Amino acid sequence: MLGSTYGAALTRRTPGVTYSYSVWSFDGSGNESAPITGHFRLIAGPATVTVPHVASATSSGGWINVTCSTGRSGPRPWSSATAMTPPKSGMGVTGWGLSLSLGRSGTYHLGRGGYPSPLVPGASSTFRAGTRDAWGNVRWSTTTTTTLYPFDDRATVLTYAGAWSRVASTRAWMGTTSMASSAGRVALTVQRRGVGARSFSVIATTAPAGGTFTVYLDGRCVRTVSTASSTARVRQTGWTSATLTPRSHAMLLVQVPGTGWVRLDGAAVALG
């Protein structure tokens, strides 16, 4: 009975359950009106999507591991719908492109085997997640997350100087690393019409005999980075720059002689 408040709160609601209601009224003499009936159902709560900041952090094969979860347990077959901006290098993307349908708490290997689309080195992809109920309704999250897809150490945008050798490794990003033991240099310049670099990241292998390199941005020394560690660790993001003004930028890595081997696995660039 609502009385004269004309409103009521339904507590302990369950997403996906269909609720029916009937509303009627009585006049001062106790006469009952014809009921008004209806139905409603609650769609599922928001999902979450997780991707690494740099794709190489969780994958060696050249794909992006996208993990999506509805956070719901029980027998009802909830699913997660993950929308992403297409991975394009150097161009801002408006709207949302490819939509992936994932099972609850599932992981999708975006780009594995070129499916559903080839990934572009030097690009970034942005994701958001939603939960789809049994009737196809989707509740989208209001937050997004972005991952960078790095250039492999063999990419032609990297210019090497000095005595570098290439070593195959199944655990490395895209299967190889480039190694130098003395005075190795490698440069990466982002100079594209209407597009600039907002940040650089260096992907490397760390090891007990890991060497040291100095990072220069636009000709200015910004950091000296050691790749030494107690045990060997592959696909490590050894250094990431501060956020840069989006314009043409040049990064140069210079090995410090006598410090040990530098093992370069790739470089990631956030474009803007």
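Trainee: What makes Ser125 count as buried in this predicted model?

Mentor: Ser125 has a relative accessible area of 2%, and since buried means under 20%, the residue is called buried. Ser125 is found in strand β8, which covers residues 123-132, and the C-alpha atom of Ser125 is separated by 9.4 Å from that of Ile64, although the two are 61 residues apart along the chain.

Trainee: Why is Cys68 called buried, and why is Cys221 called partly exposed?

Mentor: The relative accessible area of Cys68 is 0%, so Cys68 is buried, given that the term applies under 20%. Cys221 is at 42% relative accessibility and therefore counts as partly exposed, because that class lies between the 20% limit for buried and the 50% limit for exposed.

Trainee: How many disulfides does a search of the whole structure find?

Mentor: The search finds 0 disulfides, where a disulfide would need a pair of cysteine sulfur atoms within 2.5 Å.

Trainee: Why is the pair of Tyr149 and Trp173 called edge-to-face?

Mentor: The count by the ring-pair rule comes to 2 aromatic pairs. In the pair of Tyr149 and Trp173, the ring centres are 5.4 Å apart and the planes stand at 70°, so the pair is edge-to-face, because the rule asks for centres within 6.5 Å and, for this label, planes over 60 degrees apart.

Trainee: Why can this pair be said to tie together parts that are 24 residues apart in sequence?

Mentor: Tyr149 lies in strand β10 (residues 145-149), whereas Trp173 lies in the loop between β13 (164-168) and β14 (176-180), so the pair ties together parts with that separation in sequence. Tyr149 is buried, and so is Trp173.

Trainee: What are the values for the pair that Tyr160 and Trp164 form?

Mentor: Tyr160 and Trp164 form an edge-to-face pair with 5.1 Å centre to centre and 70° between the planes. At 24% relative accessibility Tyr160 counts as partly exposed, because the value is not under the 20% that buried would require.

Trainee: Where does Trp164 appear in the lining of the largest cavity?

Mentor: Trp164 is among the residues that lie nearest the centre of that cavity, together with Val186, Phe213, Leu253 and Val262, in a lining of 13 residues. The structure holds 1 cavity of 30 Å³ or more, and about 60 Å³ of space lies in the largest cavity. By class, the lining has 9 nonpolar, 3 polar and 1 charged residues, and β16 (197-206), β20 (249-255) and β21 (262-271) each supply at least two residues of it.

Trainee: How do you know that Arg112 lies over the face of Trp63?

Mentor: Arg112 is placed at 4.5 Å from the ring centre of Trp63, and this value satisfies the distance part of the rule, because CZ of Arg must be within 6 Å of the ring centre.

Trainee: What is notable about phi of Ala183 and of Asp218?

Mentor: Phi of Ala183 is near 55°, a positive value in a residue other than glycine, and phi of Asp218 is likewise near 55°. Ala183 is found in the loop between β14 and β15 (185-190), while the place of Asp218 is in the loop between β17 (212-217) and β18 (220-226).

Trainee: Why are Ala183 and Asp218 called partly exposed?

Mentor: Ala183 has a relative accessible area of 43% and Asp218 is at 40% relative accessibility; each is therefore called partly exposed, because exposed would require over 50% and buried under 20%.

Notes. Residues numbered from 1 in each chain as written. Predicted model: local features only at pLDDT ≥ 70, side-chain atom pairs only at ≥ 80, totals over all residues. Heavy atoms only, no water. 1 Å grid on protein atoms, 1.4 Å probe; cavity = no way out; pocket = protein on both sides within 12 Å on 5 of 7 lines; lining within 4 Å. Points joined across faces, edges and corners; volume = space filled by probe spheres on them. Helix = DSSP H or I, 4+ residues; strand = E, 2+ residues; numbered from the N terminus. Nonpolar A, V, L, I, M, F, W, Y, C, P; charged D, E, K, R; others polar. Buried < 20%, exposed > 50% of the residue type's maximum accessible area, 1.4 Å probe, protein only. Phe/Tyr/Trp six-rings, centres within 6.5 Å; stacked < 30°, edge-to-face > 60°. Lys NZ or Arg CZ within 6 Å of the ring centre and 35° of its normal.
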